[in-house]
Structures are given as C-alpha cells and as structure tokens.
Amino acid sequence: MGFIKLKNIRTYSYHGCLIEEGKIGSDYSVDLKIKTDLRHSSITDNLIDTVDYVHLNRIVVEEMAIRSKLLEHVSKRIINRVLEEVPTISRVILSVSKLNP
C-alpha cells in the first residue's frame, strides 16, 4: 500500500450560504490524499497500473464547479466520486479551504 497526494488544487468557486457568495465567488484550495496499492505500478512503471492523478484532479475541479452551501457537502461529493470511479482506492483524505472567507 501507499499514498498519492495532490496538494493545492486551486479553483474559483461559488460556495456558501449567502446569496453574495453565489454571485461573487472565491478562491479555494483542495488537498487530496488517497491510499492505494502501489506495488505493481512501482515495478511496471505503467500509468494503467496505478491511479491517474489527472483523473483525480478532474474530479476535484468538476465537483468544485457545482455550487454548494457547505464545504462539507462538496467534500462528500468529491470523496464519493473518487471512491466510485477508482475502485483501487481504499481511503481518501480531503481538505477544502476557502482562501478569503
């Protein structure tokens, strides 16, 4: 087993309970850490044998583009999609930060 980390994925999104937050938006930073089996890919050096971080980044960007009132809600959507779309992942640790609250 091993971990793959994606740090500081930056998005401009429109989350928040206030109407203004949905109109103005804000900068966000997302950190994603996943646990998966890296033994085979460490030998083969083949992308098909591991978790593609471009795919993970795309999930984060797409889910951050969907407005939510709470960061907990968008975080759960990201985690759900990661686990659904990449079955080799056994654990997800996610951090979503609003940079200018």
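## Helices and strands

Four helices and three strands make up the regular elements of this protein, and the model you are looking at is a predicted one. Walking along the sequence, you meet these elements in the pattern β-α-β-α-α-α-β. Strand β1 covers residues 2-13 and strand β2 covers residues 26-36. Helix α2 spans 39-44, helix α3 spans 53-64, and helix α4 takes in residues 71-85. Strand β3 runs over 91-98.

## Overall dimensions and surface

Measuring along the principal axes, the C-alpha atoms fit in a box of roughly 50 × 20 × 15 Å. The chain has 101 residues, and 36% of them count as buried. If you take the contacts with a separation of 6 or more, 66% of them come from residues 24 or more positions apart.

The surface that the protein exposes comes to about 6,500 Å², with carbon and sulfur atoms supplying 55% of it. As for charge, there are 15 positive and 13 negative side chains. The centres of these two sets lie 5 Å apart.

## The nonpolar core

In soluble globular proteins, nonpolar side chains tend to be buried together. Here, the largest nonpolar core holds 20 residues. Leu32, Ile34, Leu56, Met64, Val82 and Ile89 are the members with the most contacts inside this core. Two or more residues come from each of β1, β2, α3, α4 and β3.

Isoleucine 89 is a good place to start exploring. Leaving out neighbours within four places in sequence, isoleucine 89 is in contact with Ile34, Lys35, Thr36, Val51, Leu56, Val82 and Leu83. Three of those names, Ile34, Leu56 and Val82, also appear among the core residues with the most contacts.

## Lysine 35 and threonine 36 in strand β2

Lysine 35 sits in strand β2, and so does threonine 36. Their exposure is worth a look: lysine 35 counts as partly exposed, because its relative accessibility is 26%, while threonine 36 has a relative accessible area of 2% and is therefore buried.

Both residues have contacts well along the chain from their own positions. Beyond the residues up to four places away, lysine 35 touches Met1, Gly2, Phe3, Thr88, Ile89, Ser90 and Arg91. With the same neighbours set aside, threonine 36 touches Met1, Gly2, Ile4, Val51, Thr88 and Ile89. Lysine 35 and serine 90 are a handy pair to find in the viewer: 55 residues separate them in sequence, yet their C-alpha atoms are 5.6 Å apart.

## Serine 75 and arginine 81 in helix α4

Helix α4 carries both serine 75 and arginine 81. Serine 75 counts as buried because its relative accessible area is 15%. A polar atom of the serine 75 side chain lies 2.7 Å from the backbone oxygen of leucine 71. Neighbours within four places aside, serine 75 is in contact with Leu94 and Val96. To leucine 38, by contrast, the C-alpha distance from serine 75 is 25 Å, with their positions 37 residues apart in sequence.

Is arginine 81 buried or exposed? Its relative accessibility is 18%, so arginine 81 counts as buried, the cut-off being under 20%. Its side chain makes a polar contact with the side chain of glutamate 63, at 3.1 Å. Glu63 is also one of the residues that arginine 81 touches outside the four nearest places in sequence, along with Ile59, Glu62 and Val86.

## Two residues with positive phi

Asparagine 8 and aspartate 45 are worth checking for their backbone angles. Asparagine 8, in strand β1, has a phi near 60°, a positive value in a residue other than glycine. Aspartate 45 is not a glycine either, and its phi is positive at about 60°. You can find aspartate 45 in the loop between α2 and α3.

How exposed is each of them? Asparagine 8 has a relative accessible area of 42%, so it is partly exposed. Aspartate 45 has a relative accessible area of 72% and therefore counts as exposed.

Conventions: Residues are numbered from 1 along each chain as its sequence is written. This is a predicted model: local features need pLDDT of at least 70, side-chain atom pairs count only at pLDDT 80 or more; totals for chains, interfaces and linings use all residues. Side-chain values use heavy atoms; hydrogens and water are left out. Buried means under 20% relative accessible area, exposed over 50%, partly exposed in between (1.4 Å probe, protein chains only). Contact means heavy atoms within 4.5 Å. Accessible areas come from the Shrake-Rupley method with a 1.4 Å probe; for residues, only the protein chains shown count as cover. Lys and Arg count as positive and Asp and Glu as negative; His and the chain ends are not counted. The place of a charge is taken as NZ of Lys, CZ of Arg, CG of Asp or CD of Glu. A polar contact is a pair of N or O atoms within 3.5 Å; within protein, one must be able to donate a hydrogen and the other to accept it, and residues adjacent in sequence count only if both atoms are side-chain atoms. A nonpolar core is a set of buried Ala, Val, Leu, Ile, Met, Phe, Trp, Tyr and Cys residues joined through side-chain atoms within 4.5 Å.
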